[in-house]
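The following exercises concern the structure displayed below. Each task is followed by a solution that proceeds step by step.

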Amino acid sequence: MPHLYKGFSSLAIHAGHVKDPMYAHLTPIYASSTYVYDEAEQGMRRFSGKEPGYIYARWGNPTMNESEQKIAAMETFGIEVDGKPLEAKAILHASGMAAISSLFLATLKRGDKILTHYSLYSGTQDFMKTLLDPLDVEAIIVDLRDLSLAEKCLREDPTIKLVYLETPANPTLQCVDLEALSQMAKQYGKLTACDNTFATPYLQQPFQFGIDFVIHSTTKFLNGHGTAIGGVLVGTDLAFMNTRATKTHRLLGGNSNAFDAFLLTNGMRTLEVRMQRHCENAMKVAEFLDAHPAISKVNYNGLPTHPDYAVSQKQMKHPGAMMSFELEGGFDAGVQFMNKLQMCTRTVSLGTCDTLLSHPASMSHSSVPRENRLEYGITDGLIRLSVGIENIEDILADFEQALQSRGVEGVEGV
Ligand SMILES: *Cc1c(COP(=O)(O)O)cnc(C)c1O
């Protein structure tokens, strides 16, 4: 399948589609919890796997299957291993967190450790602390941008089983080197996983660098319209994906559903054109913010001043549409800026058509003690931004007026 299409959009639009028996153009929302048999023997054949076919919607259904096939095709697009197109299997989940839970429970057991880095998605970090720690699965958190430190951890601790990466990561857009870490992990016989939510397979394909598992919160850029929560676990070890990973997904019960999968599939069909516009706008926004006197710092991996610029250039087609910036005036300036926005949207989350801004200190991280917040780079005046696909002149005009009205030298309303 992967070599059927020369371009990413053709694949994103067509891959995974199965002609509908009723000739519907788009795969319908198969709202059925169970599937029927012509005779008892057929049920037996289906359960034993001798005959393909759907059985029960927690295990899968045609609408979800199309999303899964599309994601697997996008994550392996153009990648060859030993002269053959790389194959992957994707398992759709109810949310990004459900996919991450499946990954951890399918790959780890008591006494195993995870090697990971700072700045993970807060839910992932919380999962490790709240749910894995009591099961005696410990996370070692270090700065994995330091490759000699990563090597030392892998060499010295044989109980590390999984190297868990997220790049670019929230909110400072830190990037870790997928190729170097994947090679190192292989050398020591460890599994690797990458949360590819911020990048999407259009900008970054972790499998190209030998990563074993890719996770997405499909809620974000893949869906692209903010209409459904979803997640996916993708792997290239098909035997593992078809047995242990499938079993874990079925037993945990974090399945997706036909309606959300329908929305996801249709969102993904426009991924390439959306991402191109997201990225083009993001670069202009970053340059605008970087030059603005009211802003002390811009965290965007596409600016040559970002510490991980080189890594990002090496492994991503484009640095993406996520960034954060710091306002000169701290907490109050952050709140004021957010309140002055007229077109852009005040909310958490990311990856929708509209430009989304959040002020972590007063919103997502307001319950985190200030010292801890600062440790993670979440300063008082930090604003996180998901650049949308509106016309760039409107985004910049909204920012300009919101920044101006912050006032100069304490003068309000300038
Ligand atoms: C949102 C997000 C998640 C969690 O996904 P849900 O769909 O909200 O469960 C995980 N990782 C990253 C990077 C995210 O942005």
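**Exercise 1.** How many residue pairs are in polar contact across the interface of domain 1 and domain 2?

*Solution.* The model is predicted, with pLDDT of at least 70 required for local features and 80 or more for side-chain atom pairs, while totals for chains, interfaces and linings use all residues. Residues are numbered from 1 along each chain as its sequence is written, and side-chain values use heavy atoms, leaving out hydrogens and water.

Step 1. Domain 1 covers 2-268 and domain 2 covers 271-403; such bounds come from an automatic or database domain assignment.

Step 2. A polar contact is a pair of N or O atoms within 3.5 Å; within protein, one must be able to donate a hydrogen and the other to accept it, and residues adjacent in sequence count only if both atoms are side-chain atoms.

Step 3. Across the interface of domain 1 and domain 2, 18 residue pairs satisfy this rule, both residues being at pLDDT 80 or more.

Step 4. On the side of domain 1 that touches domain 2, the elements giving two or more residues are α1 (8-14), α7 (178-187), α8 (200-203) and α10 (258-268). Helices (H or I, at least four residues) and strands (E, at least two) are DSSP runs numbered from the N terminus. The most is given by α8, with four residues.

**Exercise 2.** Determine the area that the two domains bury, and identify the residues of domain 1 that lose the most.

*Solution.* Step 1. The centres of domain 1 and domain 2, taken over C-alpha atoms, are separated by 27 Å. Their contact (heavy atoms within 4.5 Å) takes 36 residues from domain 1 and 35 residues from domain 2.

Step 2. Between them the domains bury about 3000 Å², with 60% of it on carbon and sulfur atoms. Buried area is the accessible area (1.4 Å probe) that two parts lose on being put together, summed over both.

Step 3. Y202, L203 and F221 lose the most area on the side of domain 1, together 26% of what that side buries.

**Exercise 3.** How many salt bridges does the structure hold?

*Solution.* Step 1. The criterion is a side-chain nitrogen of Lys or Arg within 4 Å of a carboxyl oxygen of Asp or Glu.

Step 2. The structure holds 14 salt bridges, and three are found across the interface of domain 1 and domain 2.

Step 3. E179 and K314 form a salt bridge through their side chains, at 3.7 Å from N to O.

Step 4. E156 is joined to K152 by a salt bridge with its closest N and O atoms 3.4 Å apart. Both residues lie in helix α6 (residues 147-156), four residues apart, about one turn of the helix.

**Exercise 4.** Locate the cis peptide bonds before P168 and P171, and the positive phi of Y23.

*Solution.* Step 1. Most residues other than glycine have a negative phi, and most peptide bonds are trans.

Step 2. T167 and P168 are joined by a cis peptide bond with omega about -10 degrees; P168 is in the loop between β6 (160-166) and α7.

Step 3. The bond from N170 to P171 is cis, with omega near -15 degrees, and P171 also lies in the loop between β6 and α7.

Step 4. Y23, although not a glycine, has a positive phi of about 65 degrees; its place is the loop between α1 and α2.
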